[in-house]
Amino acid sequence: MSRSTVWRWVEELRNLGVHVKGQRRTGYFLEKVPDVLTPDLLRKRMKGNSFGKRVFHFFKTDSTNRVAMELGYSGEPEGTVVLAEAQSAGRGRSGRIWHSEKGTGLYFTILLRPRLSPAQAPLLTMLAGLSAQTAIAAQTGLVAELKWPNDLLLGGKKLGGILTEMHAEPSAVRFVIVGIGLNVNQEKFPSELSSTATSIRKESGKLSYRLELLARLLTQFESDYNRFLRDGPAFVVERFESVSSFAKGRRVRVDTGTESYAGVTAGLSPDGLLLVQRDGGPLSTVIAGDVTEVQ
Ligand code: BTN
């Protein structure tokens, strides 16, 4: 191609924030590969896996869960991944918004078509938490705490969250989408989150290569998922209970929307629900609701 075409493309790259050293006459040098979650690079890194073969990448979308839900209805296969560099309406639990700053966190959703009953689908949230914990530890050495059912914490602050949604018949799941949000390279958060949120960068003082973390997480999740389908719920429930110090002996307040009570966490039921020994009352099973630690 002509010199002027090269120059035009270099200018395009610079406008996108890519650092390109050099002059028109002497040639150009790409100083750093930008940390963009390029589908091509991800596919290459995911060779030999079946997750991440179909990748939908957005520089910005409203919510990767919303997109994945549509792809689920339109017949996309299991293992399809929807990724965004930024989300304008990232969905959190209980109708909350997931803060999704451009290019700093990981915001992605995995489409699954498991043969499970709708009651078993929430176990996929816990499974994704376990896979994320393993991947983060392998890449950074940081061991995140798992808070039932969907939170990853570091130093008591929120590092990540998982939102599982599904389309199901009364007795069988049609498809499930597992949406994962991880705070990776954020330096700071909006003031309303600054006392409750943290990132890998804030905790380790280092930048992490998001593409590598994503690839590790997807690989880990694929293997954990296959084991869950083979061995059944006990694999997830027992592992979660053993690695989550939150699951036993923590003083909590439970808010179900219809009632609120205090007690101490007492492990998980065989189907993965949190048990709470109510103060002066019976052992309760938390099916849904907010569980917050209290002193
Ligand atoms: C929570 O802790 O409340 C769950 C947060 C889940 C956020 C992720 S970001 C990627 C995916 N797309 C969404 O809209 N939400 C999930």
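A polar contact here is a pair of N or O atoms within 3.5 Å; within protein, one atom must be able to donate a hydrogen and the other to accept it, and residues adjacent in sequence count only if both atoms are side-chain atoms. The model is predicted, so to speak of local features we ask for pLDDT of at least 70, and side-chain atom pairs count only at pLDDT 80 or more, while totals for chains, interfaces and linings use all residues. Residues are numbered from 1 along each chain as its sequence is written, and side-chain values use heavy atoms, with hydrogens and water left out.

**View 1. Polar atoms of Asn65, Arg91 and Arg93 meet the ligand.**
Let us start at the ligand. A backbone N or O atom of Arg91 sits 2.7 Å from one of the ligand's oxygen atoms. Arg93 also takes part through its backbone, with a polar atom 2.7 Å from a ligand oxygen. Asn65 uses its side chain instead: a polar atom there lies 3.4 Å from a nitrogen atom of the ligand. On its own the ligand has 420 Å² of accessible area, and the protein covers 98% of that. Accessible areas come from the Shrake-Rupley method with a 1.4 Å probe; for residues, only the protein chains shown count as cover.

**View 2. A shell of 21 residues surrounds the ligand.**
A residue belongs here if one of its heavy atoms lies within 4 Å of the ligand. Ser63, Thr64, Arg91, Arg93 and Lys158 come nearest. By class, the shell has six nonpolar, 11 polar and four charged residues; Ala, Val, Leu, Ile, Met, Phe, Trp, Tyr, Cys and Pro count as nonpolar, Asp, Glu, Lys and Arg as charged, and the others, Gly among them, as polar. Helix H3 (64-73) and the strands S5 (90-91), S7 (106-112), S10 (157-168) and S11 (173-182) each supply at least two residues. S10 gives the most, with four. These elements are DSSP runs, numbered from the N terminus: helices are H or I runs of at least four residues, and strands are E runs of at least two.

**View 3. Strand S7 is largely enclosed by the rest of the structure, because seven of its seven residues are buried.**
Buried means under 20% relative accessible area, exposed over 50%, and partly exposed in between (1.4 Å probe, protein chains only). Leu106, Phe108, Ile110 and Leu112 point one way from S7, Tyr107, Thr109 and Leu111 point the other way, and all are buried. Strands pair if DSSP finds at least two bridges between them. S7 pairs with S4 (residues 81-84) in the antiparallel sense over four bridges, and Leu83 stands opposite Phe108. Seven bridges join S7 to S11, again antiparallel, with Thr109 opposite Gly179.

**View 4. Thr109 of strand S7 reaches Thr64.**
Keep your eye on one residue of the strand. Thr109 has 0% relative accessibility and counts as buried. The side chains of Thr109 and Thr64 are joined by a polar contact of 2.7 Å.

**View 5. Five strands form an open antiparallel sheet in the order S15-S14-S13-S12-S16.**
The edges are S15 (283-286) and S16 (290-293), each pairing on one side only. From one strand to the next the twist averages 45°; axes are lines fitted to C-alpha atoms, for helices over the stretch in contact, and angles run from 0 to 180 degrees between N-to-C directions. S13 (residues 260-268) joins S14 through four antiparallel bridges, with Val264 opposite Gln277. Four bridges also link S14 (residues 274-278) to S15 in the antiparallel sense, and Leu274 has Val286 as its bridge partner.

**View 6. Glycines with positive phi sit in two hairpins.**
The hairpin of S13 and S14 has five residues between the strands, and Gly272 takes a positive phi near 90° there. In the hairpin of S14 and S15, with four residues between the strands, Gly280 has a positive phi near 60°.

**View 7. Two loops hold backbone details worth a look: Pro149 and Ser94.**
The peptide bond that joins Trp148 and Pro149 is cis, with omega about -5°. Pro149 lies in the loop between S8 (145-147) and S9 (151-154). Ser94, in the loop between S5 and S6 (97-98), has a positive phi of about 50° although it is not a glycine. At 56% relative accessibility, Ser94 counts as exposed.
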